[in-house]
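Colleague: Could we go through this model together?
Modeller: Certainly; here it is.

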There are 2 protein chains.
Amino acid sequence: MAKPERTTREGIVDAASKLFYAEGIRAVSVDAVAEAAGVTKRTLYYHFDSKDDLIAAYLEGRDQPNLSLFRKWFEAADGDLAAKVEAIFVNLARVARHPKWKGCGFLRTAAELANMPGHPAIRIGAAHKKKFETWLAQVFCDAGIDDAGELARQMLLLLDGSFAVVLLHRDASYMESAGKAAAALVRGATATS
Amino acid sequence: MAKPERTTREGIVDAASKLFYAEGIRAVSVDAVAEAAGVTKRTLYYHFDSKDDLIAAYLEGRDQPNLSLFRKWFEAADGDLAAKVEAIFVNLARVARHPKWKGCGFLRTAAELANMPGHPAIRIGAAHKKKFETWLAQVFCDAGIDDAGELARQMLLLLDGSFAVVLLHRDASYMESAGKAAAALVRGATATS
DNA sequence: GTCTATAAGCCGATAGAC
DNA sequence: GTCTATCGGCTTATAGAC
């Protein structure tokens, strides 16, 4: 239970996470990760079977923190359900304006590994997005919305759309447009249920 | 005017286009493109300054054909404005179910080159998406919709969101959900204008 | 568990002949 | 304009000592 010191493995995942997100998966070599982590390549290969294994660990480590952040933004927002959903997009726009922001690591990895459909990292990304969608569907269902699942899917489309569009145009105001669209769809679903 | 035979350069761009889309930019070597085009690497470097130059040519060649296709789907559809917009998503879902479909080449390239913000290929991708957005905004404006620009932005968010989500989950039904959301937003904007 | 050293091959790009 | 041949460097991954 008492294990406060950061393990070698954690340090490697940390270094990999920063580099993969900043530069892209295939642009970063195993050498670069090992050097950034302050270990030799041989040590890295002691802790991970392959680079693919390391990529999977990178995304695994971002799963829960990302989900928690979205939930926090939703819960901290004032107003009705539509306003709380919109708050996620507004907060995301703020984050996206940071110069180091480079889109969604899960989506970028899926795009880069599109030629390897069954890759573990893609499965982790798909599961991550599904968790968020399921949480939203439950929130909508609790609010008494008909077809809460379909509305949750539409929110994911707007969310991931804003990641893609903002990365391309480098214009975070698209996230605020996505938030407005999301709020309009939630209000439309609330009215008819 | 009379130039029916395919030039060497066109053959190289063709081969690059197929490989880059199928495998990803960084996963494909210049050697592989040259071999697929049936020329030597030296010939390739006679026609293109660098691999980056070749990447730009790949996306440049997809710009107009893609735009034409979207416009064709819109114009061929029956029904009101919302139905015609939704038709784009329905047609896209059909295409996305083809096993060789691997998302949007423009978005995947932007994701892969996220660490090179000013890359020519990213500029081409951004311009491509902007052209589509501008065309949609004009269509909405002609239909008498208030804030046609904002609605067009929302359509782009849903479109690019569906590219990203369907690539991740390999479930083209998300495109039909995006189409429903798009139609609902168009109807909402039509009603209030 | 971490090290030094290296395998075996691929990378983008170029030299110089014809 | 297209060829053969090759550069120097980087790639993932491994061998074997301690």
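Modeller: One definition before we begin: Ala, Val, Leu, Ile, Met, Phe, Trp, Tyr, Cys and Pro count as nonpolar, Asp, Glu, Lys and Arg as charged, and the others, Gly among them, as polar. This is a predicted model, in which local features need pLDDT of at least 70 and side-chain atom pairs count only at pLDDT 80 or more, while totals for chains, interfaces and linings use all residues. Residues are numbered from 1 along each chain as its sequence is written, and chains are lettered from A and ligands numbered from 1 in the order in which they are written.
Colleague: How does the surface near DNA strand D divide by class?
Modeller: The surface near DNA strand D has 4 nonpolar, 5 polar and 6 charged residues. A residue is near a strand if its C-beta atom, placed from the backbone, lies within 6 Å of it.
Colleague: Which residues come nearest to DNA strand D?
Modeller: Ser29(A), Lys51(A), Thr40(B), Arg42(B) and Tyr46(B) come nearest, out of 15 residues around DNA strand D. H3(B) supplies the largest share of this surface, 4 residues. Helices (H or I, at least four residues) and strands (E, at least two) are DSSP runs, numbered from the N terminus.
Colleague: And which residues come nearest to DNA strand C?
Modeller: Thr40(A), Arg42(A), Tyr46(A), Ser29(B) and Lys51(B), of the 15 residues around DNA strand C. Two or more residues of that surface come from each of H3 of chain A, helix H2 (30-37) of chain B and H3 of chain B. H3(A) gives the most, with 4 residues.
Colleague: Turning to the fold, how many helices and strands are in chain A?
Modeller: Chain A has 9 helices and 0 strands. Its C-alpha trace spans about 60 × 40 × 30 Å along the principal axes. Of its 193 residues, 41% count as buried (20 or more other C-beta atoms within 10 Å of a residue's own; exposed if 12 or fewer, partly exposed in between; C-beta atoms are placed from the backbone).
Colleague: How many residues of chain A are in contact with chain B?
Modeller: 42 residues of chain A are in contact with 42 residues of chain B, where contact requires C-beta atoms, placed from the backbone, within 7 Å. H8(A) gives the most to the chain A side, with 15 residues. By class, that side has 22 nonpolar, 10 polar and 10 charged residues.
Colleague: What rotation superposes chain A on chain B?
Modeller: A rotation of 180° with 0.0 Å of shift along its axis does so, at RMSD 0.0 Å; the fit is by least squares on the C-alpha atoms of residues with pLDDT of at least 70 in both copies. The two copies are thus related as by a two-fold rotation axis. Gly161(A) comes closest to the rotation axis among the residues of chain A, at 1.6 Å (C-alpha). The same surface serves both copies, with 100% of the contact residues of chain A recurring in chain B.
Colleague: Why is H8(B) described as largely enclosed?
Modeller: Because 18 of the 22 residues of H8(B) are buried, it is largely enclosed by the rest of the structure. Arg170(B), which follows H8(B), has a positive phi near 55°.
Colleague: Last topic: which residues have the most contacts inside the largest nonpolar core?
Modeller: Leu107(A), Ala182(A), Leu107(B) and Ala182(B), in a core of 126 residues. A nonpolar core is a set of buried Ala, Val, Leu, Ile, Met, Phe, Trp, Tyr and Cys residues joined through C-beta atoms within 7 Å. Leaving aside neighbours within four places in sequence, Ala182(B) is in contact with Val85(B), Glu86(B), Phe89(B), Met155(B) and Leu158(B).

Definitions and conventions:
Contact = placed C-beta atoms within 7 Å.
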